[in-house]
Amino acid sequence: MSLYADVVLSPREDLPGADCWLVIDILRATTTMCAFFEAGGSRLYPSESVEEGLALREKMAGEGNKTLLMGERNALPPPGFDLGNSPLELSPSLLASRPEAVMATTNGTRALLKASAAGVPVYAVCARNAEATVRAALETGDRIGILCAGLHGRAALDDTACAGILVEHLVSSGAADLMDGAQMALSVWREGGRRLSSLLERSVHGMRLLSLGFAADVAYAAKIDASMAVIRLYNEGRTPFLAADGE
């Protein structure tokens with residue numbers, strides 16, 4: 001049986017059947033998740049909204065731990081949050097004392113939780129951990145689904161380009177049947193000259209981040225296959241959480 005790959009360009013679309021889902025929000029949720037685990041984080045709890053994130057952190061604080069609250073609303077840290085959504089805010093020294101976090105973002109965490117409803121393995125992926133995550137996905141079966149978080153419910157150039165990187169990795173692993181979404185993402189990536197920095201900077205979200213002074217974040221997100229982190233969503237109990245595979 002040949003490999004099947006599909007890309008859903010917007011979280012408003014219905015999800016087809018797949019053996020696993022790779023969820024992308026390259027600017028910046030899944031890139032920041034990758035940085036969190038690279039720096040030594042142990043568990044990250046995705047939340048659909050700022051309000052839910054605040055409530056979940058308050059509940060955890062009541063249980064005596066020091067859970068970080070991180071995320072964004074319209075690219076900026078919401079009031080009451082410890083950190084924003086920048087991968088560069090995370091460090092081994094910070095996470096050594098506070099290794100768990102709640103994260104609420106406008107697009108990425110919602111897309112992860114949507115994918116979790118499919119009942120199959122779900123991974124958080126960005127350009128930095130693209131190859132490592134594709135290898136893990138191939139161990140789950142032959143039908144690989146990729147969900148782009150997009151921007152405010154619509155398709156986004158930045159996530160589509162990153163999806164193209166994943167599709168190219170899948171194609172290089174052997175014969176693959178590419179659905180229309182996968183072909184479109186691959187075309188965006190290749191016709192963009194495989195220059196991720198340029199594609200991110202041209203995207204609507206990328207331009208907003210640059211205007212807000214987050215050029216270093218965009219450059220960090222543009223590094224391809226710089227990390228071996230494989231980040232999986234677990235649904236044990238009533239509170240889904242992300243952890244690095246093998247932890």
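**Exercise 1.** In this predicted model, find which residues of the largest nonpolar core touch the most other members, and which helix gives the largest share.

*Solution.*
- Step 1. The core holds 42 residues; Val7, Leu22, Ile24, Ile26, Ile146 and Leu196 touch the most other members.
- Step 2. Helix H6, residues 157-172, supplies seven residues, the largest share of this core.
- Step 3. A separate second core has 33 residues, including Val8, Ala18, Phe37 and Ala111.

**Exercise 2.** List the contacts of leucine 196, leaving aside neighbours within four places in sequence.

*Solution.*
- Step 1. With those neighbours set aside, the contacts of leucine 196 are Ile26, Ala127, Ala161, Ile165, Trp189, Ala221, Ala222 and Ile224.

**Exercise 3.** Explain why the salt bridge between arginine 143 and aspartate 19 ties together parts that are apart in sequence.

*Solution.*
- Step 1. The whole structure contains nine salt bridges.
- Step 2. In one of them, the side chains of arginine 143 and aspartate 19 meet at 3.2 Å, N to O.
- Step 3. Arginine 143 belongs to strand S7 (143-148), while aspartate 19 sits in the loop between strands S1 (3-8) and S2 (20-24), so the bridge joins parts 124 residues apart in sequence.

**Exercise 4.** Decide whether arginine 57 is buried or exposed, and name its salt-bridge partner aspartate 82's location.

*Solution.*
- Step 1. Arginine 57 and aspartate 82 form a salt bridge, with closest N and O atoms 2.8 Å apart.
- Step 2. Aspartate 82 is in the loop between strand S4 (68-71) and helix H3 (92-97), and arginine 57 is in helix H2 (residues 50-62).
- Step 3. Buried means under 20% relative accessible area; arginine 57, at 18%, is buried.
- Step 4. Aspartate 82, at 34%, is partly exposed.
- Step 5. A network of salt bridges links Arg57, Asp82 and Arg98.

Key: Residues are numbered from 1 along each chain as its sequence is written. This is a predicted model: local features need pLDDT of at least 70, side-chain atom pairs count only at pLDDT 80 or more; totals for chains, interfaces and linings use all residues. Side-chain values use heavy atoms; hydrogens and water are left out. A nonpolar core is a set of buried Ala, Val, Leu, Ile, Met, Phe, Trp, Tyr and Cys residues joined through side-chain atoms within 4.5 Å. Buried means under 20% relative accessible area, exposed over 50%, partly exposed in between (1.4 Å probe, protein chains only). Helices (H or I, at least four residues) and strands (E, at least two) are DSSP runs, numbered from the N terminus. Contact means heavy atoms within 4.5 Å. A salt bridge is a side-chain nitrogen of Lys or Arg within 4 Å of a carboxyl oxygen of Asp or Glu.
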